[in-house]
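Before reading on, please take a moment to look over the sequence and the fold together. The paragraphs below move from the overall architecture to single residues.

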Amino acid sequence: MLMQGFDNGVLPLLGYAMLALAVVAFVLALIAREDAYRAADKQTKTFWLVILGVTVLVDFFLGMLFLQIAGLVASIVFFVDVRPALKQVSGGGPRRRGGSSSDGPYGPYNGGR
């Protein structure tokens with residue numbers, strides 16, 4: 001009884017979550033520039049599109065747990081290693097400006113003093 005609930009409730013949710021993660025990783029890999037992959041010293045854009053595309057297809061059509069876990073690992077590697085390197089090379093990293101919340105576009109706002 002407990003296993004039936006697990007098979008009908010939790011496993012499909014995990015499958016949908018893995019599919020969503022793979023689709024988001026694929027789209028982010030797709031919109032990144034090809035030269036950013038080379039500049040970040042990562043595998044090529046084609047490599048990541050193939051790996052993540054196969055992951056999406058496996059998650060959507062096959063549903064084989066071993067292949068889904070391998071695809072999950074690939075998606076996680078993309079998110080924690082490749083994507084931050086691409087953002088850093090492309091200039092999309094976190095923007096840190098010193099200053100307070102009352103700063104305007106041309107400097108601090110001092111209330112007309």
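What follows is a walk through a predicted model, beginning with its overall layout and ending with its charged pairs.

The protein contains four helices and two strands, and these come in the order α-α-α-α-β-β when the chain is read along its sequence. The chain has 113 residues, of which 24% count as buried. Among the contacts between residues with a separation of 6 or more, 62% are made by residues 24 or more positions apart.

Where is the largest nonpolar core, and which residues hold the most contacts within it? This core has 13 residues, and those that touch the most other members are A29, Y37, W48, L52, F78, V82 and L86. Two or more residues are given to this core by each of helix 1, helix 2 (34–39), helix 3 and helix 4, with helix 4 giving the most, namely four residues. One of the well-connected members, L86, can be followed further: once its neighbours within four places in sequence are left aside, L86 is in contact with A32, A36, Y37 and A40, and Y37 is itself among the core residues that touch the most other members.

A second residue worth following is S75, which is found in helix 4. Is S75 buried or exposed? Its relative accessible area is 1%, and because the limit for a buried residue is under 20%, S75 is counted as buried. Not counting residues up to four places away in sequence, S75 touches L21, A22, A25, L52 and T55, and of these L52 has already appeared among the core residues with the most contacts to other members.

The contact between S75 and L21 can also be read from the other side. L21 is placed in helix 1, and with 28% relative accessibility L21 counts as partly exposed, whereas S75 is buried. Apart from neighbours within four places in sequence, L21 is in contact with L72, S75, I76 and F79. L21 can also be placed relative to V56, which is 35 residues away along the chain, with 8.9 Å between the two C-alpha atoms.

The next feature is the largest pocket, which has a volume of about 270 Å³. Its lining is made up of L11, P12, L14, G15, Y16, A17, M18, L19, D59, F60, L65 and Q68. The elements that give two or more residues to this lining are helix 1 (2–31), helix 3 (45–62) and helix 4 (65–90). Which of the elements gives the largest share of the lining? That element is helix 1, with eight residues. By residue type, the lining divides into nine nonpolar, two polar and one charged.

Between helix 2 and helix 3 the chain passes through a loop, and D41 lies in that loop. The backbone of D41 has a positive phi of about 60°, although D41 is not a glycine. The relative accessible area of D41 is 69%, and D41 is therefore classed as exposed, the limit for that class being over 50%.

How many salt bridges does a search of the whole structure find? The search finds three. In one of them K42 pairs with D81, the closest N and O atoms being 3.0 Å apart. This pair links distant parts of the chain, since K42 is in the loop between helix 2 and helix 3 while D81 is in helix 4, 39 residues apart. Both partners count as partly exposed, K42 at 27% relative accessibility and D81 at 38%.

Another salt bridge joins E34 to R38, with 3.7 Å between the closest N and O atoms. Because E34 and R38 are four residues apart in helix 2, about one helical turn separates them. E34 is partly exposed at 30% relative accessibility, whereas R38, with a relative accessible area of 56%, is exposed.

A further salt bridge is formed by D35 and R33, whose closest N and O atoms are 3.0 Å apart. D35 has a relative accessible area of 34% and is partly exposed, and R33 also counts as partly exposed, at 46% relative accessibility.

Definitions and conventions:
Residues are numbered from 1 along each chain as its sequence is written. This is a predicted model: local features need pLDDT of at least 70, side-chain atom pairs count only at pLDDT 80 or more; totals for chains, interfaces and linings use all residues. Side-chain values use heavy atoms; hydrogens and water are left out. On a 1 Å grid over the protein atoms alone, a cavity is a set of points where a 1.4 Å probe fits but cannot get out, and a pocket is an open set with protein on both sides within 12 Å along at least five of seven lines; lining residues have an atom within 4 Å of a point. Grid points are joined across faces, edges and corners, and a volume is the space filled by probe spheres set on the points. Ala, Val, Leu, Ile, Met, Phe, Trp, Tyr, Cys and Pro count as nonpolar, Asp, Glu, Lys and Arg as charged, and the others, Gly among them, as polar. A nonpolar core is a set of buried Ala, Val, Leu, Ile, Met, Phe, Trp, Tyr and Cys residues joined through side-chain atoms within 4.5 Å. Buried means under 20% relative accessible area, exposed over 50%, partly exposed in between (1.4 Å probe, protein chains only). Contact means heavy atoms within 4.5 Å. A salt bridge is a side-chain nitrogen of Lys or Arg within 4 Å of a carboxyl oxygen of Asp or Glu.
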